[in-house]
Amino acid sequence: LGRMARVTWVSVGADASDRENLAVETPRLARELVTPHLPVPITARIVNYGARPSPALLVNLKVDGKPAGSTRVSVPAKGAAVARFVYLFGQAGTHVGEVSLGTGATGDSLAADNAAPFVARARDRIKILVQDARPTDDPTKSESFYLLTAMAPGGAAESLAPKLREGEGLGNVNLRDYDAVVLAGATRLSASDRRALAEYVRGGGGALIFPGPHTDARDLNAGLQASGLLPARLGTRQNLSDDDALTLNPGSITNPALALFKDTSSLNLSSARFTTYYPLAPLADAAAQNATQVMLRFSNGDPAFVERKVGLGKIILAASGASAAWNQLPLKASYVPLVYQLASYLGQGPTSHRNLGQDEPLFLSLPLKDANKAVRVTTPTGRVDTQNSVLDARGVSFTYAGTSQAGVYRVAVAGGATTDAFAVGLPADESDLSAVEPGPALAQVGMPAARLNVAKTPAQLTQTVRRARYGAEVWRPLVWLVIPLLFLESLLAQRFGRRG
């Protein structure tokens, strides 16, 4: 740009006396998947861009327009603090909330960032299909017993509602009736089962696969790879002695679904010992480089859980079994929250991300009955945009890219019952009111200093714009230069000219 045009830098930074500002960043839910049966921790970062601290600052939480809690935080100068809330969304559906600063935010020079909206969608229950290929009468050897007990203790379904299917194959089960599918003690999948599972995952479903005593690694590798679902290749089964048993390494966690377990003070995954497992070799995806990810590793560095994103959904492969025959994990206190986190992560579906950044497109997965229907988006200013949903191999979806303004966007399918909402947050750096020096800023983007004008006052800006449009007046100096030259020329002509 600097080689083609002259750039005028206009400083809109506040004066030093007007730079005090507090801002609420976009609130975060501890998990995107919310149910009416389990309270959800909500956090919001409060940032102080000013030079004065803000002690005991009141922070309020509203949900669906009603007060839902308050807390106080002390924010140091040029620092930040986290406001924490715990809220139970009592009804299923889409809920719009807001975290805002109380009346104690004195000296604040920008009111637009004193509140931040968020959206949470609560579902009644997460429906999970658990398949046990080789069921047994002995619960200690069953591949599904501990999973079902963790999901629904005593058979009482709350946030998770599991349904057991015993025997090999998925039969005539409609996988779209479930939010997630768990294959415990996985065995060979028929061609029809592989197609059904692949279609389910690509359409936004989640699958979790545990190997077991009857797993044939070669068959499972071939079947999952043929359907494009294999996250990692299973190697030769390893049987270890108690002295050589492996443990899980919480420090290796990279996936946000398991971030809860990085802090081992209350839930320690590393206390369980593993004596049997399959070494997993993650597969690279040339079409999507970040599609495959190791979620957690063993103490020897081998992957324990590997995830692969396929279409709109995801599939996770475990290295060890779900029963207590190969490891002690089902006997540990961390097992129940681990199962909950994995099930919630897989069951949240492709439309879980409802709190977006500016210019980040919103995405909505719709039921088949809404294919090719008009979808209305109401922006924060009240403007209504309409465009049709799209039907492709992934299913019915809707994408909207016009999220340039912060606030709440309402979505509704014309002639249907589908309604939803998304929240777009303000860019965090816009809350910093301090002035930026043009030299260092433009040097970062390679702007030549010789092509730069700086306008610090309105008068300088007006003068710079006028000069850019009409140029500068040079006729007066030229006239005063030409007049003496004309006089000199006449004088010289009279003195040295020829005489007739």
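Me: Buried means under 20% relative accessible area, exposed over 50% and partly exposed in between, computed with a 1.4 Å probe on the protein chains only. Which of these classes does Ala232 count in?

Reply: This is a predicted model, in which local features need pLDDT of at least 70 and side-chain atom pairs count only at pLDDT 80 or more, while totals for chains, interfaces and linings use all residues. Residues are numbered from 1 along each chain as its sequence is written, and side-chain values use heavy atoms, with hydrogens and water left out. Ala232 has 0% relative accessibility and therefore counts as buried. Ala232 lies in strand β14, residues 232–234, where helices (H or I, at least four residues) and strands (E, at least two) are DSSP runs numbered from the N terminus.

Me: What does Ala232 touch, not counting residues up to four places away in sequence?

Reply: With contact taken as heavy atoms within 4.5 Å, Ala232 touches Asn221, Leu280, Ala281, Pro282, Leu283, Val306 and Leu317. Pro282 is 50 residues from Ala232 in sequence, yet their C-alpha atoms are 3.9 Å apart in space. Arg45, in strand β4 (residues 40–48), is partly exposed with a relative accessible area of 40%; leaving aside neighbours within four places in sequence, Arg45 is in contact with Ala23, Val24, Glu25, Ala80, Ala81 and Val82.

Me: How do I read a helix, and which residues of α2 are buried?

Reply: An α-helix has 3.6 residues a turn, so residues three or four places apart point the same way. Helix α2 (residues 191–202) has Asp193, Leu197, Ala198, Tyr200 and Val201 as its buried residues. They cover an arc of only 160° around the axis, which puts them on the same side of α2; the arc is that of the directions from the helix axis to the C-beta atoms. These buried residues pack against β12 (180–184), β13 (206–210), β20 (303–310) and β21 (313–318).

Me: What span should the 13 residues of α4 have?

Reply: The expected span of a helix is 1.5 Å times one less than its number of residues. For α4 that gives 18 Å, and its end C-alpha atoms are 18 Å apart, which agrees. The twelve residues of α2 reach 16 Å from first to last C-alpha, close to the 16 Å expected. Helix α4 is mostly covered, since eleven of its 13 residues are buried, among them Tyr335, Leu338, Leu342 and Gly347.

Me: How should I read the sign of phi, and what is the phi of Ala56?

Reply: Most residues other than glycine have a negative phi, and most peptide bonds are trans. Ala56 has a phi near 50°, a positive value in a residue other than glycine; Ala56 is found in strand β5 (residues 54–63) and, at 42% relative accessibility, counts as partly exposed. Asn372 likewise has a positive phi, near 60°, but lies in the loop between β23 and β24 (374–378) and counts as exposed at 52% relative accessibility. Among glycines, Gly204 follows α2 with a positive phi near 120°, and Gly349 follows α4 with a positive phi near 80°.

Me: How is empty space found, and how many cavities of 30 Å³ or more are there?

Reply: Rolling a probe the size of a water molecule over the atoms shows where empty space is left. On a 1 Å grid over the protein atoms alone, a cavity is a set of points where a 1.4 Å probe fits but cannot get out, and a pocket is an open set with protein on both sides within 12 Å along at least five of seven lines, lining residues having an atom within 4 Å of a point. Grid points are joined across faces, edges and corners, and a volume is the space filled by probe spheres set on the points. By this rule there are three cavities of 30 Å³ or more, and the largest holds about 180 Å³ of space. Of the 25 residues that line the largest cavity, the closest to its centre are Phe210, Phe305, Tyr335, Leu338 and Leu342. Helix α4 supplies the largest share of this lining, six residues.

Me: Which classes of residue make up the lining of the largest cavity, and which that of the largest pocket?

Reply: Ala, Val, Leu, Ile, Met, Phe, Trp, Tyr, Cys and Pro count as nonpolar, Asp, Glu, Lys and Arg as charged, and the others, Gly among them, as polar. The largest cavity is lined by 22 nonpolar, three polar and no charged residues, whereas the largest pocket has 13 nonpolar, twelve polar and ten charged residues in its lining. That pocket holds about 960 Å³ of space, and of its 35 lining residues the closest to the centre are Arg176, Pro350, Ser365, Leu366 and Pro367. Strand β23 (362–366) gives the most to the pocket lining, with three residues.
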